[in-house]
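Open the model in your viewer and show it as a cartoon. Keep the selection panel at hand for the stops below.

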Amino acid sequence: MVGSKDKSKEKRDKRLQEISLLRTIPYSDHQRWWTSETVAVVTGANRGIGFEMVRQLAGHGLTVILTSRDENVGVEAAKILQEGGFNVDFHRLDILDPSSIQDFCNWIKEKYECIDVLINNAGVNYNVGSGNSVEFSNMVISTNYYGTKNIITAMIPLMRHASQGARIVNVTSRLGRLKGRHSKLENEAVRAKLMDVDSLTEEIVDETVSEFLKQVEEGTWESGGWPHSFTDYSVSKMAVNAYTRVLAKELSERPDGEKIYANCFCPGWVKTAMTGYAGNISAEDGADTGVWLALLPDQAITGKFFAERREINF
Ligand code: NDP
């Protein structure tokens with residue numbers, strides 16, 4: 001008898017095979033809106049999925065800025081790609097540090113004037129395996145949610161005005177899902193607030209994470225209806241998912257020629273340092289949907305959540 005776990009593994013493997021094939025099909029001239037002057041920025045790109053997204057985007061012919069909070073490690077990572085003939089530049093960027101963000105923006109303005117693609121990949125998680133500690137909740141929420149918001153806010157004025165639109169891609173996770181079989185959120189009030197995209201605001205998302213952190217501080221979070229595994233990480237990704245929808249709504253009000261499209265995706269469970277290399281797919285496969293989203297020829301797609309190149313529910 002085939003169990004449901006085996007069935008979903010079979011389905012996933014089949015989809016990954018399809019995607020490997022799709023990756024071999026070159027973009028046609030009319031799909032290719034970018035040139036070697038198109039600039040993409042990837043945060044937290046010294047290793048893992050971020051590094052792979054830089055490699056794949058540069059492989060498609062864009063100029064890619066590999067950023068890392070550690071200068072030496074970042075320079076070394078960029079060197080690997082530069083020596084492979086890729087058009088990759090490096091600058092230090094710590095998304096938790098406002099002066100580092102400011103420094104990075106000044107450098108972009110001076111050297112490139114503007115950018116076309118921003119991929120928010122930098123993130124932390126302190127729970128590996130089956131244990132679940134909320135000890136580092138502040139750091140997880142600050143980095144994954146507020147750090148991501150801060151770099152987006154700083155970079156929006158530097159995004160190119162162009163007919164094809166600029167693109168923001170946020171790396172999130174299915175662990176932050178609000179609905180469906182796999183959602184681990186039990187708090188109905190939070191679910192209802194974050195699901196209601198018409199009335200959703202940045203303040204509501206901020207209040208939600210603040211409430212979570214308050215309960216952690218008071219030691220009451222376990223009865224708060226939050227997910228019971230990867231708790232702080234799941235809440236942080238839930239917040240980035242919700243923020244992506246708010247952002248997309250705001251950005252859609254910009255006039256034609258100044259549009260910015262914002263989407264998020266889950267890379268799957270990936271063999272990287274974050275999972276202790278225990279994932280079930282490679283960083284190359286994990287990076288795929290992010291790269292595909294960044295290069296989407298269809299401009300009207302915004303405020304959506306994807307996995308394996310398909311739209312999924314928030
Ligand atoms: P890694 O731990 O390999 O990479 C995370 C990257 O983020 C590192 O380069 C790290 O830098 C960087 N980073 C952390 N904090 C900051 C900061 N303050 N400023 C700048 N960079 C920072 O993990 P992955 O490649 O797996 O993760 C990449 C993204 O994918 C994350 O957002 C993660 O949440 C998401 N994701 C991963 C999944 C997986 O299964 N691996 C599943 C779902 C989502 P440093 O090397 O200095 O620590």
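Which residues point one way from E5, and which the other way? Select strand E5, residues 166-171. Ala166, Ile168 and Asn170 point one way, Arg167, Val169 and Val171 the other, and all are buried. Buried means under 20% relative accessible area, exposed over 50%, and partly exposed in between, with a 1.4 Å probe and protein chains only. Strands (E, at least two residues) and helices (H or I, at least four) are DSSP runs, numbered from the N terminus. Six of the six residues of E5 are buried, so this strand is largely enclosed by the rest of the structure. In a regular strand the side chains alternate between the two faces of the sheet.

Some ground rules. This is a predicted model, in which local features need pLDDT of at least 70 and side-chain atom pairs count only at pLDDT 80 or more, while totals for chains, interfaces and linings use all residues. Residues are numbered from 1 along each chain as its sequence is written, and side-chain values use heavy atoms, with hydrogens and water left out.

**Stop 1: the neighbours of E5**

Add strand E4, residues 117-120. E4 and E5 pair in the parallel sense over four bridges; strands pair if DSSP finds at least two bridges between them. Find Leu118, which stands opposite Ile168 in E5. Now trace the chain from E4 through helix H5 (residues 137-155) to E5: this β-α-β crossover is right-handed. That is, with the strands pointing away from the viewer, the path from the first strand over the helix to the second runs clockwise.

Next, add strand E6, residues 260-266. E5 and E6 also run parallel, with six bridges. Here Val169 stands opposite Asn263 in E6.

**Stop 2: strand E1**

Select E1, residues 39-42. Val39 and Val41 on one side and Ala40 and Val42 on the other are all buried, so to speak a strand covered on both faces. Three bridges join E1 to E4 in parallel, and Val41 stands opposite Leu118. Strand E2 (residues 63-68) pairs with E1 in the parallel sense over four bridges. Within E2, Val64 is the bridge partner of Ala40. E1, H2 and E2 make a right-handed β-α-β unit.

**Stop 3: the largest nonpolar core**

Show side chains for Phe104, Ile108, Met155 and Ile168. Of the 49 residues in the largest nonpolar core, these touch the most other members. A nonpolar core is a set of buried Ala, Val, Leu, Ile, Met, Phe, Trp, Tyr and Cys residues joined through side-chain atoms within 4.5 Å. Elements that each supply at least two residues include E1, H4 (98-111), H5, E5 and E6. The largest share, ten residues, comes from H8.

**Stop 4: Thr208**

Go to Thr208 in helix H7. At 7% relative accessibility, Thr208 counts as buried. Lys193 is 15 residues away in sequence and 9.1 Å away in space, C-alpha to C-alpha.

**Stop 5: the second largest pocket**

Which residues lie nearest the centre of the second largest pocket? Select Leu22, Arg23, Tyr27, His60 and Arg309, from a lining of 16 residues. H9 (283-294) is among the helices that supply at least two lining residues, and H9 gives the most, with four. A pocket is an open set of points on a 1 Å grid over the protein atoms alone, where a 1.4 Å probe fits, with protein on both sides within 12 Å along at least five of seven lines; lining residues have an atom within 4 Å of a point.
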